[in-house]
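Reader: I'm new to this structure and would love a close look at a single part of it. Could you pick one place to start and walk me through what surrounds it?

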Amino acid sequence: MATVPSDEEFLAYNRDVIKEFRANHGAVSQPPFPVLLLTTTGARTGRPATVRLGFAVDDNGRVFVLASKAGAPRHPAWFHNLRANPSVTVELGDRSFQARAVVTAGEERDRLYRMVSDGASEYEKNTDRIFPIIVLEGVPAPASAC
């Protein structure tokens, strides 16, 4: 079983990726897949918090993200934040969008999950937790992700 990074390791990695993302209009060298920046409002603090996330686009052009946190036993803080306040800001490329985060459920969640995972990833092996899928309403699909 792979080791899940600590919260401090996640924060340090995200800080560097966010800095590179903003300096290069959305282009990053790592991770090797398209990312966006999601800014939520802290559920307890009320302060903005930004994370980098991989994303996918469904057949209807909806941008969505997965709350995997590398298979950690608990959902990531950003997921708890958007459940408390679904109004978020999404940076994609060099554009910024106000969006509404919608947590999917049931068949819709499972359909979107199958688009990004075959069910056998290292992340899934790390935990028994079901990874939430969140659609970011109001974010247009980038041309390169369709």
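**From one strand pair to a helix**

Author: Let's start in β7, where I134 is the bridge partner of V103. Please keep in mind that this is a predicted model. V103 sits in β6, the strand of residues 95-103, while β7 covers residues 133-140. These two strands, β6 and β7, run antiparallel and are joined by four bridges.

I134 is a handy landmark, since V65 also stands opposite I134 in β7. V65 brings us to β4, the strand of residues 62-66. β4 and β7 run antiparallel as well, with four bridges joining them.

Now go back to β6 and follow its pairing with β5. The two pair in the antiparallel sense over six bridges, and one of the partnerships links E91 with S96 in β6. β5 and β6 form a hairpin with two residues between the strands, and here G93 takes a positive phi near 65°.

From β5 (residues 87-92) we can step to β1 (residues 35-41), as these strands pair in the antiparallel sense over three bridges. Here T39 has T89 in β5 as its bridge partner.

Next comes the helix, α2, which spans residues 77-84. Which of its residues are buried? They are W78, F79, N81 and L82. Viewed down the axis of α2, these buried residues fall within an arc of 160°, so they line one face of the helix. The face turned away from that buried side carries the exposed residues A77, R83 and A84.

What do the buried residues of α2 pack against? Their partners are β1, β2 (48-54), β4, β5, β6 and β7. The strands we have just walked through, β1, β4, β5, β6 and β7, are among them.

For a last close-up, look at T40, which lies in strand β1. Is T40 buried or exposed? Its relative accessibility is 1%, so T40 counts as buried, given that the cut-off for buried is under 20%. The side chain of T40 makes a polar contact with the side chain of N81, at 3.1 Å. N81 is one of the buried residues of α2, so this contact links β1 with the helix's buried face.

Leaving aside neighbours within four places in sequence, T40 is in contact with R47, P48, A49, W78, N81, L82 and V88. In that list, W78, N81 and L82 are buried residues of α2, and V88 falls within β5. With T40 in view, you can find both the helix and the paired strand around β1.

Key
Residues are numbered from 1 along each chain as its sequence is written. This is a predicted model: local features need pLDDT of at least 70, side-chain atom pairs count only at pLDDT 80 or more; totals for chains, interfaces and linings use all residues. Side-chain values use heavy atoms; hydrogens and water are left out. Two strands pair if DSSP finds at least two bridges between them. Buried means under 20% relative accessible area, exposed over 50%, partly exposed in between (1.4 Å probe, protein chains only). The arc is that of the directions from the helix axis to the C-beta atoms. Contact means heavy atoms within 4.5 Å. A polar contact is a pair of N or O atoms within 3.5 Å; within protein, one must be able to donate a hydrogen and the other to accept it, and residues adjacent in sequence count only if both atoms are side-chain atoms.
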